[in-house]
Amino acid sequence: MNFGFIDIEALAGMAIGFGLVVVLPIVGLLLSHQRKMAELVHGKVNQNSDARLGHMQAQIDELRGRTVDQALALEEYRRVLPLATSERPPRRVEI
């Protein structure tokens, strides 16, 4: 077979271009995934997760405290107001 019509330099350039455009990003994604999986296996991510969970638990506790404070304040306002909810006149609904 005669392959004299194939331009080797152009073929090499296309192979290098294909490698840079397609193969290199795929290899980068695979290496990134491998690094993340290794961190999971070795427990480095668990330490960060524990810190984040502790922070979220502190926020939840703070919100619960605020809710209790607001509920107590609302009960105090209801006690102080001259009109209780049962003393309000009933609403008329017209159809």
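**Two helices, three salt bridges and a patch**

E62 has a relative accessibility of 44%, so this residue counts as partly exposed. I start there since E62 is one half of a pair I want to show you. Before that, one caution: the model on the screen is predicted.

Now the overall picture. The chain has two helices and zero strands. Helix α1 covers residues 8–42, and helix α2 covers residues 44–80. How much of the chain is buried? Of its 95 residues, 1% count as buried, where buried means under 20% relative accessible area. The chain exposes about 9500 Å². Carbon and sulfur atoms supply 63% of that area.

Next, the charged pairs. How many salt bridges does a search of the whole structure find? The search gives three.

Back to E62. Its partner is R66, and the closest N and O atoms of this salt bridge are 2.7 Å apart. Why are the two about one helical turn apart? Both sit in helix α2 with a spacing of four residues, which means a separation of about one turn. R66 is at 47% relative accessibility, so it too counts as partly exposed.

The second pair is R78 with E75. Here the closest N and O atoms of the salt bridge are 3.6 Å apart. For a salt bridge the cut-off is 4 Å, so a pair at 3.6 Å is counted. R78 and E75 are both in helix α2, three residues apart, again about one turn of the helix. E75 has 47% relative accessibility and therefore counts as partly exposed.

The third pair is R79 with E76. Their side chains meet in a salt bridge with an N to O distance of 2.5 Å. These two are three residues apart in helix α2, so about one helical turn lies between them. Is R79 buried or exposed? R79 is at 61% relative accessibility, so it counts as exposed. E76 is at 37%, and therefore counts as partly exposed.

Last item: the surface of the other helix. Please find F18, which lies in helix α1. F18 belongs to a nonpolar surface patch of about 1000 Å². Other residues in this patch include I16, L20, V21, V22 and V23. Further along the chain, the patch also takes in L24, I26, V27, L30 and L31.

To recap: two helices, three salt bridges, and a nonpolar patch that includes F18. That is all I have.

Terms used: Residues are numbered from 1 along each chain as its sequence is written. This is a predicted model: local features need pLDDT of at least 70, side-chain atom pairs count only at pLDDT 80 or more; totals for chains, interfaces and linings use all residues. Side-chain values use heavy atoms; hydrogens and water are left out. Patches are made of residues with over 30% relative accessible area and no salt bridge: like charges are joined within 9 Å, nonpolar side chains (Val, Leu, Ile, Met, Phe, Trp, Tyr) within 5 Å. Accessible areas come from the Shrake-Rupley method with a 1.4 Å probe; for residues, only the protein chains shown count as cover. Buried means under 20% relative accessible area, exposed over 50%, partly exposed in between (1.4 Å probe, protein chains only).
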